[in-house]
Amino acid sequence: QVQLVESGGGLVQPGESLRLSCAASGFTFSSYAMNWYRRAPEKARELVAAITSNGRDAIYADSVKGRYTVHRDNAKNTLSLQMNNLQPEDTAVYYCNAPSLVVNGTRGVWGQGTQVTVSS
């Protein structure tokens with residue numbers, strides 16, 4: 001079945017780095033643009049980064065521009081998010097998302113999320 005499984009979250013100190021991964025299965029990964037979202041406590045969900053199906057183009061939220069890099073490996077069906085110089089305000093649950101993938105009549109598929117906590 002269609003699955004997106006995130007990993008790589010954890011607790012880090014300000015200024016440190018993390019790399020999140022999202023393993024995709026059950027669909028033709030290379031045909032779909034992918035997103036990374038995050039949701040911080042008591043805040044709205046935020047689109048962090050988006051990447052085209054071929055990986056050639058990406059966009060970022062202003063809040064992470066210059067610190068985060070999204071990448072995909074279509075041969076390995078994997079999406080990643082390299083996060084550098086993390087700050088406490090980056091604390092959130094991070095989700096990968098296939099926005100245009102339709103499953104059982106519902107558009108958009110989400111992973112279960114991975115927690116990132118930045119604290120000293």
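This passage looks at strand pairing around β8 and at the disulfide in the structure. The model is predicted, so to speak of local features a pLDDT of at least 70 is needed, side-chain atom pairs count only at pLDDT 80 or more, and totals for chains, interfaces and linings use all residues. Residues are numbered from 1 along each chain as its sequence is written, and side-chain values use heavy atoms, with hydrogens and water left out.

Strand β8 covers residues 78–83 and pairs with β3 (residues 18–25) in the antiparallel sense, over six bridges. Strands here are DSSP runs of E with at least two residues, numbered from the N terminus, and two of them pair if DSSP finds at least two bridges between them. Within this pairing, S21 has S80 of β8 as its bridge partner. Strand β8 also pairs with β7 (residues 68–73), again antiparallel and over six bridges; here T69 is matched with Q82 of β8. The hairpin of β7 and β8 leaves four residues between the strands, and N77 takes a positive phi near 55° there.

Turning to the cysteines, a search of the whole structure turns up one disulfide, the term being used for a pair of cysteine sulfur atoms within 2.5 Å. It joins C22 and C96, with the sulfur atoms 2.0 Å apart. C22 sits in strand β3 and C96 in strand β9 (residues 92–103), so the pair ties together parts 74 residues apart in sequence. The link of C22 and C96 is right-handed, with 50° about the S-S bond. C22 is buried (under 20% relative accessible area, 1.4 Å probe, protein chains only), at 0% relative accessibility. C96 is buried as well, with a relative accessible area of 0%.

Definitions and conventions. Buried < 20%, exposed > 50% of the residue type's maximum accessible area, 1.4 Å probe, protein only.
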